[in-house]
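The following paragraphs offer a guided reading of one protein chain. The reader is invited to keep the sequence and the model in view throughout.

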Amino acid sequence: MPQTITIASGKGGVGKTSIAVNLALMLQSLGNRTTLMDVDFGLANAHIMLGVNATKSLSDVINHGKSIEETLEDGPNGLRLLAGGSGTIDLLNISQNDRLELIRKTDALAASTDFLVIDAPAGAGDNT
């Protein structure tokens, strides 16, 4: 299982994504196999900060049955990104079963990831 680091806060706009992106890039630059997972379902922007034009997202995993591995995007310096959804209403209120299934699907990263950095959404709701 990879080491998992989640960057979270109850308040938005405090720099969670900046910290998550820079931490993931630093871990990758130190030779660790690193995956950044942006779970800010409605306002994801880690892909923008990385300069990645994400064509796949968590919506593909949750709503279309795709695996985590086939949904990963290539980021800078070999960093792998699982992009969140930006402006995707369908992800804002996912069910508890879908959340738990997403967590279970991250087990697939165990063989290929040393560090999983998670950029969590703001707030204290169930999705957070």
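Accessible area is the area obtained by the Shrake-Rupley method with a 1.4 Å probe. On this basis the chain exposes about 6,500 Å², and carbon and sulfur atoms supply 51% of that area. The model is a predicted one, and the values below are to be read accordingly.

The overall plan may be taken next. The chain contains five helices and five strands, which follow one another from the N terminus in the order β-α-β-α-α-α-β-β-α-β. Of its 128 residues, 45% are buried. Among contacts with a separation of 6 or more, 74% join residues 24 or more positions apart.

Strand E5, which spans residues 115–119, is a suitable place to begin a closer inspection. Two strands pair with E5. Strand E1, residues 3–7, runs parallel to E5 and is joined to it by five bridges; in this pairing, Thr 6 has Ile 118 as its bridge partner. Strand E2, residues 34–38, is likewise parallel to E5 and joined to it by five bridges, and here Asp 38 stands opposite Asp 119.

How are the side chains of E5 arranged, and are they buried or exposed? In a regular strand, side chains alternate between the two faces of the sheet. In E5, Phe 115, Val 117 and Asp 119 point one way, whereas Leu 116 and Ile 118 point the other way. Residues on both sides are buried, and E5 is accordingly described as mostly covered, with five of its five residues buried.

The loop that leads into E2 also makes contact with E5. This loop lies between helix H1, residues 16–29, and E2, and it holds Asn 32. A polar atom of the Asn 32 side chain lies 3.0 Å from the backbone oxygen of Leu 27. Leaving aside residues up to four places away in sequence, Asn 32 touches Leu 27, Asp 114 and Phe 115, and the last of these belongs to the set of E5 residues already described as buried.

Helix H1 appears again at the second largest pocket, which has a volume of about 170 Å³. Fifteen residues line this pocket, and those closest to its centre are Gly 13, Lys 16, Thr 17, Asp 40 and Asn 45. The element that gives the most to the lining is H1, with three residues.

Two loop residues complete the tour. Gly 84 is placed in the loop between E4 and helix H5, residues 96–105. Is Gly 84 buried or exposed? Its relative accessibility is 6%, and therefore Gly 84 counts as buried, the limit for that class being under 20%. Not counting residues up to four places away in sequence, Gly 84 touches Asp 38, Ala 44, Ser 57 and Leu 58. The C-alpha atom of Gly 84 is also separated by 5.2 Å from that of Val 39, although the two residues are 45 residues apart along the chain.

Asn 77 lies in another loop, the one between strand E3, residues 73–74, and strand E4, residues 80–82. Most residues other than glycine have a negative phi. The phi of Asn 77, however, is near 55°, a positive value in a residue other than glycine. Asn 77 counts as exposed because its relative accessibility is 65%, and the exposed class begins over 50%.

How values were computed
Residues are numbered from 1 along each chain as its sequence is written. This is a predicted model: local features need pLDDT of at least 70, side-chain atom pairs count only at pLDDT 80 or more; totals for chains, interfaces and linings use all residues. Side-chain values use heavy atoms; hydrogens and water are left out. Buried means under 20% relative accessible area, exposed over 50%, partly exposed in between (1.4 Å probe, protein chains only). Helices (H or I, at least four residues) and strands (E, at least two) are DSSP runs, numbered from the N terminus. Two strands pair if DSSP finds at least two bridges between them. A polar contact is a pair of N or O atoms within 3.5 Å; within protein, one must be able to donate a hydrogen and the other to accept it, and residues adjacent in sequence count only if both atoms are side-chain atoms. Contact means heavy atoms within 4.5 Å. On a 1 Å grid over the protein atoms alone, a cavity is a set of points where a 1.4 Å probe fits but cannot get out, and a pocket is an open set with protein on both sides within 12 Å along at least five of seven lines; lining residues have an atom within 4 Å of a point. Grid points are joined across faces, edges and corners, and a volume is the space filled by probe spheres set on the points.
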